[in-house]
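Biologist: Here's the model I'd like to go through with you. Could you take my questions one at a time?

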Amino acid sequence: MTKQDHINYWLTTANDNWVDVQRMFKARSYVPCLFFTHLVFEKLAKALWVKHNDRDTPPRIHNIVILLQQAHIEISAEELHFFSDLNRFQMENRYPDYSRAIHQVTNRKVTKVILASAETHRLNLLNLIIDNAL
């Protein structure tokens, strides 16, 4: 596989997950919706990581901020806040106690606000991936 093949893999799976996000929001499944939103950004960050590093396999981590830093992507304070906030949803299915707590603070209104920001940030990361593509 070429470097571009690896990038395309992360892009394709991120786009597939974005469709899942929309489906889950409509189904009022808000915590899984935000978990998958995190997956979208993790995969976009991994595409950027592959693009800007010599290796084709990104580290097996889930932290969006660290992946973007390792990809040498400058992020604004607002982006740092958004990605850091989104990181908390990646733990939803991994730890039952955390899952219960996150379910208590996640509802339609919270999810809708996050998804509105997510769309802008998603397009920004896509532009970084596509810009000067290999």
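Modeller: Sure, one definition to begin with: buried means under 20% relative accessible area, exposed means over 50%, and partly exposed is in between (1.4 Å probe, protein chains only). This is a predicted model, in which local features need pLDDT of at least 70 and side-chain atom pairs count only at pLDDT 80 or more, while totals for chains, interfaces and linings use all residues. Residues are numbered from 1 along each chain as its sequence is written, and side-chain values use heavy atoms, with hydrogens and water left out.

Biologist: So is Ile 66 buried, partly exposed or exposed?

Modeller: Ile 66 belongs to helix α3; helices here are DSSP runs (H or I, at least four residues), strands are E runs of at least two, and both are numbered from the N terminus. Its C-alpha is 16 Å from that of Glu 78, a residue 12 places away in sequence. Relative accessibility comes to 34% for Ile 66, so the class is partly exposed.

Biologist: How many helices does the whole chain have?

Modeller: Reading along the sequence you get α-α-α-α-α-α. With zero strands, the helix count is six.

Biologist: What radius of gyration does the chain have?

Modeller: The C-alpha trace spans about 45 × 30 × 25 Å along its principal axes. The radius of gyration is taken over C-alpha atoms, and the globule rule is 2.2 Å times the number of residues to the power 0.38. For 134 residues that rule gives 14 Å, and the chain comes close to it, so it is as compact as a globular protein of that length, with a value of 15 Å.

Biologist: What share of the residues is buried?

Modeller: For the outside, the chain exposes about 7500 Å², with carbon and sulfur atoms supplying 54% of that; the areas come from the Shrake-Rupley method with a 1.4 Å probe, and for residues only the protein chains shown count as cover. As for the inside, buried residues out of the 134 in the chain make up 46%.

Biologist: Which helix gives the largest share of the nonpolar core?

Modeller: A nonpolar core is a set of buried Ala, Val, Leu, Ile, Met, Phe, Trp, Tyr and Cys residues joined through side-chain atoms within 4.5 Å. The largest one holds 37 residues, and Phe 41, Leu 44, Leu 68 and Phe 83 touch the most other members. Two or more residues each come from α1 (3–26), α2 (30–52), α3 (64–70), α4 (77–87) and α6 (108–130). The largest share, 12 residues, comes from α2.

Biologist: Which residues does Leu 44 contact, leaving aside neighbours within four places in sequence?

Modeller: Contact means heavy atoms within 4.5 Å. By that test, and with those neighbours skipped, the partners of Leu 44 are Leu 11, Ala 14, Arg 122, Leu 125, Leu 126 and Ile 129.

Biologist: And Trp 49, is that one buried or exposed?

Modeller: Trp 49 sits in helix α2, and its C-alpha is 8.9 Å from that of Ile 7, 42 residues off in sequence. Not counting residues up to four places away, Trp 49 touches Arg 55, Thr 57, Pro 58, Pro 59, Leu 67, Gln 70 and Ala 71. With 5% relative accessibility, Trp 49 counts as buried.

Biologist: What is the relative accessible area of Asn 87?

Modeller: Asn 87 is in helix α4. Beyond four places in sequence, this residue touches His 38, His 62, Asn 63, Ile 64 and Val 65. Asn 87 is classed as buried because its relative accessible area is 11%.

Biologist: What about Ile 75: what is its relative accessibility?

Modeller: Look in the loop between α3 and α4 for Ile 75. Outside four places in sequence, its contacts are Val 65, Leu 68, Leu 80 and Phe 83. Ile 75 counts as partly exposed, since its relative accessibility is 24%.

Biologist: His 72 is not a glycine, so what phi does this residue have?

Modeller: His 72 is placed in the loop between α3 and α4 and counts as exposed at 60% relative accessibility. Despite not being a glycine, His 72 has a positive phi, about 65 degrees.

Biologist: Where does Arg 28 lie?

Modeller: Arg 28 is another non-glycine residue with a positive phi, about 60 degrees. At 62% relative accessibility, Arg 28 counts as exposed. Its place is the loop between α1 and α2.
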